[in-house]
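Q: I am new to this structure and would like a close look at one part of it. Please start with how its helices meet, and explain each term as you go.

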Amino acid sequence: MSEDWSARQYLKFEDERTRPPRDLLAQVPLKSARRVFDLGCGPGNSTELLVERYPQAQVIGLDSSPDMLGQARQRLPNCEFIQADLADWRPPEHTELLFGNAVFQWVPDHPAVLRRLLAALSAGGVLAVQMPDNTQEPALAIMREVAASGAWAARLARAAAARDDLPTPAAYYDSLGALCARLDIWHTSTSPCVAVSSPSTPRESRALIRHNTTVASCCDFRACSS
Ligand SMILES: C[S@@+](CC[C@H](N)C(=O)[O-])C[C@H]1O[C@@H](n2cnc3c(N)ncnc32)[C@H](O)[C@@H]1O
């Protein structure tokens, strides 16, 4: 069984998935930047936001997944994409923005990795990170239960163990506060809506229907180096 991500599957909910990086980017205070990294760029949806925001910058997408990188390169042929593992990657000098949406929850001991990345930023640089804080949500609990209860359980065991609960916002503050000039941490709850069109309505007119009330919590933070 392949352990790679599926860009095609990921993009089925592209609008919903791209909302957190859009919200996170809105909080990044840099007016301009020369070099920007999209860490865990996936299929390039978050990279595209960075290219739009910083058209003069060298925007580089980084990911460990060949399938995601293949899709990102097709989507943004003028951008550079590199395959690397954040567990041991170091940013080059003169990097002004490290942007990581929905990736660090997958990186073992990510608070230590974040400390290392923050310490490597240029003066005035920004580390902006969003992680879904949803491991205790009912949908994920049911997913874990189903994964562990069938003939497939042994095959899915590694995937089930891949994510831990996030540390608390206070723990991030204690871990990173002394390394930066300013640290913002915030927690967001969203109730996702799903757009559907009924067969009788023209394709252009889409009705926004509140699809479910599952709350997806995200833990975001932005750290500016001194
Ligand atoms: C949920 S997707 C996020 C995609 C995109 N940034 C977005 O905002 O929608 C997470 C991505 O992180 C990548 N990833 C997971 N662990 C990684 C690691 N250790 N190093 C680099 N990339 C990693 C995965 O391959 C995947 O493409």
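A: Let's begin with handedness: a crossing is left-handed if the near helix is turned anticlockwise from the far one by less than a right angle, and right-handed if it is turned clockwise. By that rule, helix 2 passes helix 3 in a right-handed crossing. The helix names follow DSSP runs numbered from the N terminus, with helices being H or I runs of at least four residues and strands E runs of at least two.

Please keep in mind that this is a predicted model, where local features need pLDDT of at least 70 and side-chain atom pairs count only at pLDDT 80 or more, while totals for chains, interfaces and linings use all residues. Residues are numbered from 1 along each chain as its sequence is written.

Back to our pair. Helix 2 and helix 3 pack with their axes 9 Å apart, at an angle of about 40 degrees (axes are lines fitted to C-alpha atoms, for helices over the stretch in contact, and angles run from 0 to 180 degrees between N-to-C directions). That angle makes helix 2 oblique to helix 3 (under 35 degrees counts as roughly parallel, over 145 as roughly antiparallel, 65 to 115 as roughly perpendicular, and the rest as oblique).

These two helices also meet the ligand. Helix 2, residues 14-26, and helix 3, residues 45-53, each supply at least two residues of the shell around the ligand. The shell holds 20 residues, of which Gly40, Gly42, Ser46, Ser65 and Asn101 come nearest (a residue is near a molecule or strand if its C-beta atom, placed from the backbone, lies within 6 Å of it). By type, the shell has 10 nonpolar, 7 polar and 3 charged residues (Ala, Val, Leu, Ile, Met, Phe, Trp, Tyr, Cys and Pro count as nonpolar, Asp, Glu, Lys and Arg as charged, and the others, Gly among them, as polar).

Follow the chain out of helix 3 and you reach proline 55, in the loop that leads to strand 2 (58-63). Proline 55 counts as exposed because it has 9 C-beta neighbours inside 10 Å (12 or fewer other C-beta atoms within 10 Å means exposed, 20 or more buried, and in between partly exposed, with C-beta atoms placed from the backbone). Its C-alpha is 8.9 Å from that of serine 32, although the two are 23 residues apart in sequence.

Further along, glutamate 80 lies in strand 3. With 13 C-beta neighbours inside 10 Å, glutamate 80 is partly exposed. Its C-alpha and that of valine 59, 21 residues away along the chain, are separated by 7.0 Å.

Next come two residues with a backbone surprise. Most residues other than glycine have a negative phi. Histidine 94, not a glycine, has a positive phi of about 60 degrees; it sits in the loop between strand 3 (80-83) and strand 4 (97-101). Histidine 94 is exposed, since 11 other C-beta atoms lie within 10 Å. Alanine 102 likewise has a positive phi of about 60 degrees, and its place is the loop between strand 4 and helix 5. Alanine 102 counts as partly exposed because it has 19 C-beta neighbours inside 10 Å.

Aspartate 109 is also found in the loop between strand 4 and helix 5. It is exposed, with 10 other C-beta atoms within 10 Å.

That loop brings us to helix 5, residues 110-120, where His110, Leu114, Leu117 and Leu118 are buried. These four lie on the same side of helix 5 because they cover an arc of only 100 degrees around the axis (the arc is that of the directions from the helix axis to the C-beta atoms). On the other side, Ala112 and Ala119 are exposed.

Finally, helix 5 packs against helix 8 (residues 169-176) at about 40 degrees, with axes 10 Å apart, which makes helix 5 oblique to helix 8. Helix 5 passes helix 8 in a right-handed crossing.
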